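User: I'd like to learn how to read a model like this one, feature by feature. Could you walk me through it?

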Amino acid sequence: MLLPDSVTARFASADRPLFTKRIKAKCPDCTVLYQNAGGDASKQQQQAQAMLTQGVNVLVLDAFDGEAAASIVTLAKAKNVPVISYDRLINSDGLSAYISFDNQKVGQLQATALTERLKQLGVADDAGILEINGSPTDNNAGQFKSGAQSVLSKSSYKVLGEYDTPGWDPAKAQSWAAGQISKVGVTNVKGIYAANDDTAGGVIAAMRAAGATTIPPITGQDATLAGLQRILQGSQYMTVYKAFKPEAQGAADLALQLAAGKKPTTNATVKTAGGASVPSVILTPVAVTADQIQGTVVKDGLFTASQICTSALQAACTKYGIK
């Protein structure tokens, strides 16, 4: 299993342990090798080469750079090692399978939640929002962005500035947002589209540093612990919960099927940017606001109430029925 970066909290807290646990449960004698690229495409290439040299039977690859990772797929194919494109689609015709979520839907859920919340708050139709997208090297980020813009472009709100965050780095999102806030004035930012919880955290920090007394509605994704806690605090409006458990377990099942020489069990076909058709498992994302935390992430066991509900959040947890 090769994961792309260490700034996205979910990879260490959810994807890796859930994947490993599923493999071990179904194949006690199987060995899971793991590496994280730390946001470096060249490093990920070296890690993949090392694993292929060690004789792995399947690569489960979440690419830092979906274009550059095509060379990893080529190397693996030359050694008859199937590659599962995990969470982010790799632009290669050599993939054996792909598992992820409906990424256009993610962006649509985020932007719809944002615009509807602004209307609920009575924010003027021509008010300004900031758009902080994901990494330009992540295929998924482009799909999130496309989905979001399909909603934002039809809304009455004005996008004051748009940014693609290199490597999903929260610090870079924060720095860009700080510049935009300084340029347009903190009180003129009435809403913020942030592509995931980690970048949302950076933007919230920028708003606070600029003296914002209240944080405007801001979106997120990944249902991270910090993101959920910010939602309960009221500084982040929503997140998109992508049920990591079925994704990680599904990837493990695909890996075991391919390792045994079987045809992978899929429910869709997805085309790469180059036009190749890839057998895929596509899962459904869910928008989560404070009143939906209990029925989604807590119910599914991603986090327990005790993990989410710090002493400072006890009142909010009681209010929203988190237990």
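User: Let's start with burial: what percentage of the residues of the protein chain count as buried?

Analyst: A residue is called buried under 20% relative accessible area, exposed over 50% and partly exposed in between, using a 1.4 Å probe and protein chains only. Here, 54% of the 323 residues of the protein chain count as buried. Keep in mind that this is a predicted model, so local features need pLDDT of at least 70 and side-chain atom pairs count only at pLDDT 80 or more, while totals for chains, interfaces and linings use all residues. Residues are numbered from 1 along each chain as its sequence is written, and side-chain values use heavy atoms, with hydrogens and water left out.

User: How many helices and strands does the protein chain have?

Analyst: Helices (H or I, at least four residues) and strands (E, at least two) are DSSP runs, numbered from the N terminus. By that count the protein chain has 12 helices and 12 strands. The radius of gyration is 20 Å, close to the 20 Å that the globule rule gives for 323 residues, so the chain is as compact as a globular protein of that length. That radius is taken over C-alpha atoms, and the rule is 2.2 Å times the number of residues to the power 0.38. Along the principal axes, the C-alpha atoms fill a box of roughly 60 × 40 × 30 Å.

User: What share of the contacts links residues 24 or more positions apart?

Analyst: A contact means heavy atoms within 4.5 Å. Taking contacts with a separation of 6 or more, 70% are between residues 24 or more positions apart.

User: Now a single helix. How do I check the length of α2?

Analyst: The expected span of a helix is 1.5 Å times one less than its number of residues. For α2, residues 41–54, the 14 residues should span 20 Å, and the end C-alpha atoms are indeed 20 Å apart. Its buried residues are Q44, Q45, Q47, A48, M51 and L52. Seen down the axis, these fall within an arc of 165 degrees, so they line one face of the helix. The arc is that of the directions from the helix axis to the C-beta atoms.

User: What do the buried residues of α2 pack against, and which residues are exposed on the other side?

Analyst: The buried residues pack against β1 (2–3), β2 (35–36), β3 (59–61) and α3 (70–78). On the other side of α2, Q46, T53 and Q54 are exposed. Look at the ends too: at the start, a side-chain oxygen of D40 reaches to within 2.9 Å of the backbone nitrogen of S42. Just after α2, G55 takes a positive phi of about 90 degrees.

User: Let's try α5. Which of its residues are buried?

Analyst: The buried residues of α5 are N140, A141, F144, K145, G147, A148, V151 and L152. They cover an arc of only 165 degrees around the axis, which puts them on the same side of α5. What covers them includes β5 (97–101), α4 (103–120), β6 (128–133), β7 (158–164) and β8 (189–194). At the N-terminal end, D138 caps α5, with a side-chain oxygen 2.8 Å from the backbone nitrogen of N140.

User: Where do I find positive phi in residues other than glycine?

Analyst: One of them is N80, with a positive phi of about 60 degrees. N80 sits in the loop between α3 and β4 (83–86) and is exposed, with a relative accessible area of 70%. Another is D222, where phi is near 105 degrees. D222 lies in the loop between α7 (197–209) and α8 (225–233), and at 5% relative accessibility D222 counts as buried.

User: And Q110: buried or exposed?

Analyst: Q110, in helix α4, has 0% relative accessibility and counts as buried. Leaving aside neighbours within four places in sequence, Q110 is in contact with Y193, A194, A195, T219, G220, Q221, M238 and V240.

User: What does V270 touch?

Analyst: V270 is in strand β10 (residues 268–271) and counts as buried at 18% relative accessibility. Beyond neighbours within four places in sequence, V270 is in contact with L89, Y98, A276, S277, V278, S280 and I282. The C-alpha atoms of V270 and A97, 173 residues apart along the chain, are separated by 9.5 Å.

Technical notes. A polar contact is a pair of N or O atoms within 3.5 Å; within protein, one must be able to donate a hydrogen and the other to accept it, and residues adjacent in sequence count only if both atoms are side-chain atoms.
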